[in-house]
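Open your viewer, switch to a cartoon view and keep the selection box handy. We will go from the whole chain down to single side chains, one stop at a time.

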Amino acid sequence: MLNRSVMMGRLCADPELRTTQSDIPVCTFRIAVERDFSKGDEKKADFFDVVAWRSTAEFVCKYFAKGRMIVTDGRMQTRDWVDKNNNKRTTTELVADHVYFGEGKRDGGSQSAGESSGREEGGYEACAGYSAPAFGSVPDDFAPDF
């Protein structure tokens, strides 16, 4: 059996970093993934919840912010839970094994996660005043932890 998903999309909000009771970092975020097809100029997007653990979680929270393009590689997973009204719920999310930059740094120098700019363009939050640099570029302050 094979359970592998690779998605490229924009973060809908800043990623949230938390830790478990045993001090393991976990990051959750939502991405908007544009569909390949459209009618006329109308573009559609699908929204996916993503979870990253440990060093991947810390990496996402350090280098990504609302509106940034991200590439996620992982597996789809469902989990059952009970809400505050005692109703059974099921959530499907992408558990990211690896994440990659989907774009280079923004014009005007590097911009950290806490410095995201306002968004309106495109219906699902492209960054105002943003022009896409070369695919796969990395921030100046990025240092891999391997």
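What percentage of the 146 residues of the protein count as buried? In this predicted model, the figure is 36%. Colour by secondary structure next, and you can pick out 1 helix and 6 strands. Starting at the N terminus, their order is β-β-β-β-α-β-β. Show the surface for a moment: the protein exposes about 9,500 Å², and 49% of that comes from carbon and sulfur atoms. Among contacts with a separation of 6 or more, 62% are between residues 24 or more positions apart.

**Stop 1: strand β3**

Select residues 25–34, which make up strand β3. Here 7 of the 10 residues are buried, so the strand is largely enclosed by the rest of the structure. Now bring in its partners.

- Add residues 16–19, strand β2: this strand runs antiparallel to β3, and 4 bridges join the two. T19 has P25 of β3 as its bridge partner. The two strands form a hairpin with 5 residues between them, and in the turn D23 has a positive phi of about 65 degrees.
- Add residues 5–11, strand β1: its pairing with β3 is antiparallel too, over 2 bridges. Look for R10, which stands opposite A32.
- Add residues 45–53, strand β4: 9 bridges link this strand to β3, again in the antiparallel sense. V33 of β3 faces D46 of β4 across the pairing.

While the side chains are on display, keep one general point in mind: in a regular strand they alternate between the two faces of the sheet.

**Stop 2: the helix**

Select residues 54–63 for α1. Which residues of α1 are buried? They are T56, A57, F59, V60, C61 and Y63. Show them as sticks and look at what surrounds them: these buried residues pack against β2, β3, β4, β5 (69–82) and β6. As you look along any α-helix, remember that there are 3.6 residues a turn, so residues three or four places apart point the same way.

**Stop 3: the nonpolar core**

Now select C27, F29, I31, V60, F64 and I70 together. The largest nonpolar core has 19 residues, and these six touch the most other members. Two or more residues come from each of β1, β3, β4, α1 and β6 (88–101). The top contributor is α1, which gives 5 residues. As background, nonpolar side chains in soluble globular proteins tend to be buried together.

**Stop 4: two cysteines**

Finish by zooming in on C27. Is this residue buried or exposed? C27 counts as buried because its relative accessibility is 0%. Leaving aside neighbours within four places in sequence, C27 is in contact with P15, E16, L17, V50, V51, A52, A57, V60 and C61.

The last name on that list deserves a click as well. C61 is also buried, with a relative accessible area of 18%. How many disulfides does the structure hold? There are 0. Draw a distance between the sulfurs of C27 and C61, and you should read 3.2 Å. Each is the other's nearest cysteine sulfur. The cut-off for a disulfide is 2.5 Å, and neither C27 nor C61 is in one.

How values were computed
Residues are numbered from 1 along each chain as its sequence is written. This is a predicted model: local features need pLDDT of at least 70, side-chain atom pairs count only at pLDDT 80 or more; totals for chains, interfaces and linings use all residues. Side-chain values use heavy atoms; hydrogens and water are left out. Buried means under 20% relative accessible area, exposed over 50%, partly exposed in between (1.4 Å probe, protein chains only). Contact means heavy atoms within 4.5 Å. Accessible areas come from the Shrake-Rupley method with a 1.4 Å probe; for residues, only the protein chains shown count as cover. Two strands pair if DSSP finds at least two bridges between them. A nonpolar core is a set of buried Ala, Val, Leu, Ile, Met, Phe, Trp, Tyr and Cys residues joined through side-chain atoms within 4.5 Å.
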